[in-house]
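Dear colleague,

Please find below the structure I agreed to hand over, with my notes following it. I would be grateful if you would read the notes with the model open beside you.

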Amino acid sequence: MKLIVGNWKMNQTLSQVKAFFEATAHASYKQTAWIAPQALHISTSLSLAGAKIKIGAQNCSEHDSGAFTGENSPASLKDAGASFVLVGHSERRQIFGEQNKTLSLKAAKALSHKLAVIFCIGETLAERESNQTLAVVKKQLREGLEGISSWDEGLLIVAYEPVWAIGTGKVATPAQAQEVHAALRAELKEMYGESGAKVRLLYGGSVKPDNVVELMSQRDIDGALVGGASLKANDFLALCQ
Ligand code: PGA
């Protein structure tokens, strides 16, 4: 089964959250479906989503607790019922200045609280055009996972999201995505042996119902991280079919 993860970003009011889960309540899913709403909607989402959809967070602190105004600790996210957390989404890197060093601490802390981590990496358009894509994503992977030596099976997931494809309507071709995923698979295997080779690799960046099948048919693409198209119940269900 493929893993389809909706990243709602800073969208969906409470009434929209309720409407989404009402519309999806009786659906059957052929693929595994996860959703990351705004953190304050995690509890509501959990109570409405039922057992079929796992709920997670879009970010977490690298600390356990303390004077970090505005942050959410992995322990509290876990308490609230989150199953997973996105770490290092390109918007966190670009808008909030998060760097690999901090992101590796976030990933390690989340894993230590048994949250699955979806570690996000990807190149900018300038980096792709200057043929640096593979070097950039491998560096993000190595530095971002530094200090992580093991994890409970299935808890570490990597999402390849080319920055130029996020929210732009420009999607990587299946061949472009597969090339990067194959390189990431090899890199993870080199880093962690067989457990590295088993890490699920998601593609993200303008995934829509009309391009998902071709992307998901690539050998090293194990699922999708979806922004815009995950906000509409019908599109999300179509992706999960
Ligand atoms: P998009 O966003 O599907 O709207 O391009 C993907 C993401 O940011 O994870």
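**Findings: selected residues, overall form and ligand site**

V212 is buried, with a relative accessible area of 5%. Please bear in mind throughout that this is a predicted model. V212 belongs to helix α10. Apart from neighbours within four places in sequence, V212 is in contact with V207 and L239. The C-alpha atom of V212 is 25 Å from that of G50, and these two residues stand 162 positions apart along the chain.

P209 sits in the loop that runs between β7 (200-204) and α10 (212-216). What is the relative accessible area of P209, and how is the residue classed? The value is 30%, so P209 is partly exposed, given that the partly exposed class lies between the limits of 20% and 50%. When residues up to four places away in sequence are left out, P209 touches A229, D235, A238 and L239. L239 therefore appears in the contacts of P209 and also in those of V212, as the cut-off of 4.5 Å between heavy atoms is met in each case. Between the C-alpha atoms of P209 and S230 the separation is 9.9 Å, with their positions 21 residues apart along the chain.

**Helix α5**

Two residues of helix α5 were examined. N100 is placed in this helix, which covers residues 100-112, and S104 is placed in α5 as well. N100 has a relative accessibility of 12% and so counts as buried. S104, at 5% relative accessibility, also counts as buried.

With which side chain does the side chain of N100 make a polar contact? The partner is E143, at 3.0 Å. Beyond residues up to four places away in sequence, N100 touches R93, K139, Q140, E143 and G144. For S104, with neighbours within four places set aside, the contacts are E143, G144, L145, E146 and I148. E143 and G144 are thus listed for N100 and for S104.

**Positive phi angles**

Two residues deserve a look at their backbone. K114 is not a glycine, yet its phi is positive, at about 65°. K114 is located in the loop between α5 and β5 (116-121), and its relative accessible area of 41% makes K114 partly exposed. N131, another residue other than glycine, has a positive phi near 60°. The loop that holds N131 lies between α6 (125-129) and α7 (133-144). Is N131 buried or exposed? With a relative accessible area of 74%, N131 is exposed.

**The chain as a whole**

The secondary structure of the chain consists of 11 helices and eight strands. For 241 residues, a compact globule would be expected to have a radius of gyration near 18 Å; the chain has 17 Å, so the two agree. Along the principal axes, the C-alpha atoms fill a box of roughly 45 × 45 × 35 Å.

Buried residues account for 52% of the 241 residues. The chain exposes about 10,900 Å², of which carbon and sulfur atoms supply 52%. As for contacts between residues at least 6 apart in sequence, 73% of them join residues at least 24 apart.

**The ligand site**

The ligand has 13 residues around it, and those that come nearest are K9, H89, E161, G167 and S206. By class, the shell comprises four nonpolar, seven polar and two charged residues.

Which atoms approach the oxygen atoms of the ligand? In H89, a polar side-chain atom lies 2.7 Å from a ligand oxygen atom. In G167, a backbone N or O atom lies 2.6 Å from an oxygen atom of the ligand. G227 likewise brings a backbone N or O atom to 2.8 Å from a ligand oxygen atom. Taken alone, the ligand exposes 280 Å², and the protein buries 96% of that area.

With kind regards

Conventions: Residues are numbered from 1 along each chain as its sequence is written. This is a predicted model: local features need pLDDT of at least 70, side-chain atom pairs count only at pLDDT 80 or more; totals for chains, interfaces and linings use all residues. Side-chain values use heavy atoms; hydrogens and water are left out. A residue is near a molecule or strand if one of its heavy atoms lies within 4 Å of it. A polar contact is a pair of N or O atoms within 3.5 Å; within protein, one must be able to donate a hydrogen and the other to accept it, and residues adjacent in sequence count only if both atoms are side-chain atoms. Accessible areas come from the Shrake-Rupley method with a 1.4 Å probe; for residues, only the protein chains shown count as cover. Ala, Val, Leu, Ile, Met, Phe, Trp, Tyr, Cys and Pro count as nonpolar, Asp, Glu, Lys and Arg as charged, and the others, Gly among them, as polar. Helices (H or I, at least four residues) and strands (E, at least two) are DSSP runs, numbered from the N terminus. The radius of gyration is taken over C-alpha atoms; the globule rule is 2.2 Å times the number of residues to the power 0.38. Buried means under 20% relative accessible area, exposed over 50%, partly exposed in between (1.4 Å probe, protein chains only).
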